[in-house]
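Me: Can you go through this one with me, piece by piece? I'm new to reading structures, so plain sentences would help.

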Amino acid sequence: MENRVQALRQTWNGFNTRPEMTNSQHNPGLIDRALSETFVRAVESYEELDSTNTRALSLAGDAGIELPCLIIAERQTAGRGRGANRWWSSGGALTFSLLLTPDVESLPIARWPELSLTVGTAVCEVVRAFVPGEDVRLKWPNDVFLNDRKTCGVLVEVPPSSKDSIVIGVGLNVNNSIQHAPEDLRQTGIAMCDVTDDPLSTDRVLVTLLNKFEQQMALLESAPEQVRSGWREYDLLLGRSVTVGDEHGAVTGTAQGIDDDGALLIQTESGLQRIYGGVVQSFG
Ligand code: BTN
């Protein structure tokens, strides 16, 4: 179990941002709404930042910051995904990170890997509410798909400097139509506006999402079976042929669902395997 939490810690490269050189009060209307309508207690809002996750990691452990703290940027110049992946961010997307300290009494550190699926489920619910009638799915462990294309990625990291904090980074394609994305992403990605044909209010999507996170995270502590039924309802991989791997090797088989502890169950020729980390390299 410790290995799974360790994996969350190792994703940070350790570089730092220089927020004093930028305006952290960009978009005051959004800051007001986040503070008055959601559970966040502090907000940094930038027009442009390298990565909101990197900024959140550098704030962790700072006694002067009220938590939960929201760091949001209209554009990221070095948005990060899992592993070595980059995250394409352009104007119109929602790109933000939450820095918070979960209550370890009710959500012990060993259960933190479940947060990624929980956040993904909250995103599924909100995407479904804003684009009703479309196919919305959770791809283990941290992607949200809309009509078979990726619309959101979640990057959860534990700051090495502050082991009781967690950073939850979310990149959600809202009004950044995939038509303007780099060529390779145009085949596999999608934005919510590509389905609605009309732009959405990113502020409204954000506020709804933050409230849904709060609700789902509270449920993860008090009634986890309700959250887990969400993972299962939205499971994109269930019954499909998948290959999941990392630098040590890959496992291929048929996905059998997501277990209570967040493990992806894969039926292989040699038996049922429980997968806690790695990347879904292919699915059919
Ligand atoms: C993935 O698909 O592998 C996860 C992508 C996570 C992207 C978000 S955008 C906001 C936050 N800041 C980052 O640098 N990354 C996350």
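What follows is a short chat about the chain, its ligand and a few backbone details.

Me: What kind of model is this?
Reply: This is a predicted model, and the values we go through here are computed from it.

Me: How many helices and strands are in the protein chain?
Reply: The protein chain has eight helices and twelve strands. Its radius of gyration is 18 Å, close to the 19 Å that the globule rule gives for 284 residues, so the chain is as compact as a globular protein of that length.

Me: And what box do the C-alpha atoms fill?
Reply: Taken along the principal axes, the C-alpha atoms of the protein chain fill a box of roughly 55 × 45 × 35 Å.

Me: Ok, on to the ligand. Which residues are closest to it?
Reply: The ligand is surrounded by 20 residues, and the closest are Ser51, Gln76, Arg80, Arg82 and Lys150. By type, the shell around the ligand divides into five nonpolar, eleven polar and four charged residues.

Me: Which helix or strands supply at least two residues of that shell?
Reply: Helix 3 (52–59), strand 3 (94–100), strand 6 (149–157) and strand 7 (166–172) each do so, and the largest share, four residues, comes from strand 6.

Me: What about atoms of the ligand and polar atoms of the protein, where do they pair up?
Reply: An oxygen atom of the ligand is 2.7 Å from an N or O atom in the side chain of Ser51, while a polar side-chain atom of Thr52 lies 3.0 Å from a nitrogen atom of the ligand. With Arg80 the backbone takes part, as one of its polar backbone atoms is 2.7 Å from a nitrogen atom of the ligand.

Me: How much of the ligand does the protein bury?
Reply: Taken alone, the ligand exposes 410 Å², and the protein buries 98% of that. The space that the ligand takes is the second largest pocket.

Me: Changing topic, where are the cis peptide bonds you mentioned wanting to show me?
Reply: One cis peptide bond joins Leu67 and Pro68, with omega about 0°, and Pro68 sits in the loop between helix 3 and strand 2 (69–76). Another cis bond runs from Trp140 to Pro141, with omega near -5°, and Pro141 is in the loop between strand 4 (136–139) and strand 5 (143–146).

Me: Why point those out?
Reply: Because most peptide bonds are trans, and most residues other than glycine have a negative phi. On the second point, Asn27 has a positive phi, near 60°, and Asn27 is found in the loop between helix 1 (2–9) and helix 2 (28–37).

Technical notes. Residues numbered from 1 in each chain as written. Predicted model: local features only at pLDDT ≥ 70, side-chain atom pairs only at ≥ 80, totals over all residues. Heavy atoms only, no water. Near = heavy atom within 4 Å. Polar contact = N/O pair within 3.5 Å; in protein donor to acceptor, adjacent residues only side chain to side chain. Areas by Shrake-Rupley, 256 points an atom, 1.4 Å probe, with all protein chains shown as cover. 1 Å grid on protein atoms, 1.4 Å probe; cavity = no way out; pocket = protein on both sides within 12 Å on 5 of 7 lines; lining within 4 Å. Sits in = over half its atoms within 2 Å of the grid points. Nonpolar A, V, L, I, M, F, W, Y, C, P; charged D, E, K, R; others polar. Rg over C-alpha atoms; globule rule 2.2 N^0.38 Å.
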